[in-house]
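Please work through the following exercises with the sequence and the model open beside you. Each begins with a task, and a worked solution follows step by step.

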Amino acid sequence: MTTAKKTAAPQETLKQVETMVAASKEAMETMVKTSGDAANKGYEQAVTMTKEQIAKQSEAFFKSYDGLSELNRANLDAVNASGTIMTKGVEEIGKAWFGFTQSSLEQAAGTMQALMGCKTLRDVMELQNGFAKTSFDQTIAETAKLSEMSVKVANDAVEPIKARVNSSVEFFLKPVAA
C-alpha cells in the first residue's frame, strides 16, 4: 500500500504541474494576444496621426507655395506697370524737350533774320540782348518744367513697386504673427 501511495503522489503532482503549465501557457498566450492587440492599436494610431500630420503639412506647404507664386506674379506685374509708367514718362519728357529745342531753334532763326535787317550796331546789341534774356528765361523755365516732369515720372514709376514691397513684407510677416 505504501507503494501505491508513493506512485499516486508523484502522478498527482505531475498532473498539477501539467495543469499549472497549461494555465500558465494560456495566460501567456492571452497576454501576448492582448499586448499584441494593444501594440497594433498603438501602431495604427501612430500611423493615422502621422498621415494626418503629413496631410496638414502638405496642405500648408502647397498653400504657401500658391501664395508665393501669386506674390511673385503680382511683383512682376508691378515691375511691368512701373516700366510702362517710366516709358510713357520718358516719352513725354522727350516730346517736351524736343518741343523746347524746336521752339528755341525757331526763335534763334527769327532773331538771325532780324539781325540781318539791323542797320546800326545799337540795334544789333539790343536785339542780341533781348534774344539772350528771352532764351535764358525760357531755358530756366523749361528746365524747371522738365525737372518737375522727371520727378513726377520717377515717383509714379516707383508707386507700384513700393506697394508690392509693402505687400511682400506683410506676406512674409503673416506666418510669423499667426
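**Exercise 1. Find which helix gives the largest share of the nonpolar patch, and say how many residues it supplies.**

Solution. Begin with the members: V79, I161, V165, V169 and L173 make a nonpolar surface patch of about 410 Å². Such a patch joins nonpolar side chains (Val, Leu, Ile, Met, Phe, Trp, Tyr) within 5 Å, taking residues with over 30% relative accessible area and no salt bridge, while patches of like charges are joined within 9 Å. Areas are computed by the Shrake-Rupley method with a 1.4 Å probe, and for residues only the protein chains shown count as cover. Next, assign the members: helix 2 contributes the largest share, four residues, and V169 is one residue placed in helix 2. Finally, check the exposure of V169, whose relative accessible area is 43%, so that V169 is partly exposed; the scale used here calls a residue buried under 20% relative accessible area, exposed over 50% and partly exposed in between (1.4 Å probe, protein chains only).

Before going on, note that this is a predicted model, in which local features need pLDDT of at least 70 and side-chain atom pairs count only at pLDDT 80 or more, whereas totals for chains, interfaces and linings use all residues. Residues are numbered from 1 along each chain as its sequence is written, and side-chain values use heavy atoms, with hydrogens and water left out.

**Exercise 2. State how many helices and strands the protein chain has, and what percentage of its residues count as buried.**

Solution. The secondary structure amounts to two helices and zero strands, where helices (H or I, at least four residues) and strands (E, at least two) are DSSP runs numbered from the N terminus. Helix 1 covers residues 2–116, and helix 2 covers residues 121–177. Of the 178 residues in the chain, 11% count as buried. The accessible surface is about 14300 Å², and 65% of that surface belongs to carbon and sulfur atoms.

**Exercise 3. Name the residues of the largest nonpolar core, and find which helix gives the most to this core.**

Solution. The largest nonpolar core consists of five residues, I93, A96, L146, M149 and V153; a core of this kind is a set of buried Ala, Val, Leu, Ile, Met, Phe, Trp, Tyr and Cys residues joined through side-chain atoms within 4.5 Å. Helix 1 and helix 2 each supply at least two residues of this core, and helix 2 gives the most, with three residues. As a last step, follow I93, which, apart from neighbours within four places in sequence, is in contact (heavy atoms within 4.5 Å) with L146, M149, S150 and V153.

**Exercise 4. Describe the aromatic pair that a search of the whole structure finds.**

Solution. The search gives one aromatic pair. W97 and F100 form this pair, with 5.7 Å from centre to centre and 50 degrees between the planes, and the arrangement is tilted. The rule is that rings of Phe, Tyr and Trp (its six-membered ring) pair if their centres lie within 6.5 Å, with planes under 30 degrees apart counted as stacked, over 60 as edge-to-face and the rest as tilted. Both residues lie in helix 1, three residues apart, about one turn of the helix. W97 counts as partly exposed because its relative accessibility is 47%, while F100 is buried because its relative accessible area is 12%. F100 also touches Q138, a residue of helix 2.

**Exercise 5. Which residues are linked with R73 in a network of salt bridges?**

Solution. A salt bridge is a side-chain nitrogen of Lys or Arg within 4 Å of a carboxyl oxygen of Asp or Glu, and the whole structure has eight of them. The network links E70, R73 and D77. Within it, the side chains of D77 and R73 meet at 2.4 Å, N to O, and both residues lie in helix 1, four residues apart, about one turn of the helix. For comparison, K145 forms a salt bridge with E142, with the closest N and O atoms 3.8 Å apart, and this pair lies in helix 2. E142 counts as buried because its relative accessibility is 14%, whereas K145 is partly exposed because its relative accessible area is 40%.
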